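Good morning, colleagues. I should like to take you through one structure today, beginning with its strands and then turning to its charged and nonpolar side chains. Please keep the display in view as I speak.

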Amino acid sequence: MKKFLLAAVIMLASTNVFAQYSAGSFTVQPRIGFSAADFNNTDDTKARVGLVVGPEFEYFVTDKFSLAGGILYSQQGAEIKDLDVTWEIDYLNIPVTANFYVLKGLALKAGIQPGVNLSAKLSSDKKNVDADTDGVKGFDLSIPVGLSYEFHRFVLDARYNIGITKIFDEDKVDLDSKNLTFQLTLGYKFTLF
């Protein structure tokens with residue numbers, strides 16, 4: 001009898017651990033976390049660590065497949081190693097992903113992410129930097145791939161955004177680079193319907 005009660009308690013508890021979403025469910029998930037961004041095609045830079053914050057909306061086509069879209073403020077750029085200077089390029093990214101739930105709470109995701117450059121500047125803690133930052137393009141496109149895990153409606157999401165478009169206008173900045181960004185965020189899912 002004790003084993004039966006223990007098994008029943010475990011089964012009841014586990015139904016509340018993983019949220020079940022049926023086809024037609026719609027959720028919103030405020031998220032906050034950090035990004036580690038760098039430029040490709042250069043050995044002279046290292047990652048700039050910054051903030052990522054914003055909401056993501058998810059529509060469940062089936063209980064195992066969903067489409068999500070978000071609006072994320074993302075601090076990106078890169079630190080230039082030898083010059084002690086940081087490119088601070090902040091974007092408003094709009095990720096759109098397809099999510100495949102391979103296990104309860106575990107989703108694999110991939111999609112496309114257009115981004116708009118909100119600001120771009122060069123900064124340094126040790127010296128004044130006076131440079132023209134007009135060479136940073138206003139639009140960025142990347143491919144986000146990653147996975148997420150949901151537990152008690154809390155969602156830990158890890159993504160790697162692979163840049164497709166060049167960051168700089170080649171006539172103004174002599175860098176042939178694209179964004180490479182790792183993001184780790186924590187969110188909480190609210191079911192809207």
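Let us begin with strand β2, residues 45-60, which pairs with strand β4, residues 72-80, in the antiparallel sense over five bridges. Within this pairing, V53 stands opposite Y73 in β4. Please bear in mind throughout that this is a predicted model.

Strand β4 has another partner. Nine bridges join β4 to strand β5, residues 85-93, and the two run antiparallel. Here S74 has Y91 in β5 as its bridge partner. The two strands β4 and β5 form a hairpin, with four residues between them. In that turn, D84 has a positive phi of about 55 degrees.

Let me now place these strands in the whole chain. The chain contains one helix and 11 strands. Reading from the N terminus, the helix comes at the start and the strands follow it. Of the 193 residues, 39% count as buried. As for contacts between residues at least 6 apart in sequence, 63% of them join residues at least 24 apart. The accessible surface of the chain comes to about 10700 Å², and carbon and sulfur atoms account for 64% of that surface.

I turn next to the charged side chains. As a general matter, side chains of opposite charge can pair when their charged atoms come close. How many salt bridges does a search of the whole structure find? The search finds 11.

One of them joins E150 and K189, with the closest N and O atoms 3.3 Å apart. This pair links distant parts of the chain, since E150 belongs to strand β8, residues 139-151, while K189 sits in the loop between β10, residues 178-188, and β11, residues 190-191. The two residues are 39 apart in sequence. Are E150 and K189 buried or exposed? Both E150 and K189 are buried.

A further group of salt bridges centres our attention on K166. E170 forms a salt bridge with K166, and the closest N and O atoms are 2.5 Å apart. The side chain of D176 also meets that of K166 in a salt bridge, at 3.1 Å from N to O. Because D176 lies in the loop between β9, residues 154-166, and β10, whereas K166 is in strand β9, this pair ties together parts that are 10 residues apart in sequence.

Why do we call these three residues partly exposed rather than buried or exposed? The class in between runs from 20% to 50% relative accessible area. K166 counts as partly exposed because its relative accessibility is 28%. E170, at 49%, is therefore also partly exposed, and D176 is partly exposed at 41%.

There is also a network of salt bridges, which links R31, E56, K109, D157 and R159.

Finally, I come to the nonpolar side chains on the surface. F34, V49, I143, V145, Y160, I162, I164 and F182 form a nonpolar patch there, with about 620 Å² of accessible area together. Strands β8 and β9 each supply at least two residues of this patch. Which strand provides the largest share? That strand is β9, with three residues. Y160 has its place in strand β9, and Y160 counts as partly exposed because its relative accessibility is 34%.

To close, I would leave you with two pictures: the buried pair E150 and K189, and the nonpolar patch to which β9 makes the largest contribution. Thank you for your attention.

How values were computed:
Residues numbered from 1 in each chain as written. Predicted model: local features only at pLDDT ≥ 70, side-chain atom pairs only at ≥ 80, totals over all residues. Heavy atoms only, no water. Salt bridge = Lys/Arg side-chain N within 4 Å of Asp/Glu carboxyl O. Buried < 20%, exposed > 50% of the residue type's maximum accessible area, 1.4 Å probe, protein only. Pairing = 2+ DSSP bridges. Patch = residues over 30% accessible without salt bridge, like charges linked within 9 Å, V, L, I, M, F, W, Y side chains within 5 Å. Areas by Shrake-Rupley, 256 points an atom, 1.4 Å probe, with all protein chains shown as cover. Contact = heavy atoms within 4.5 Å.
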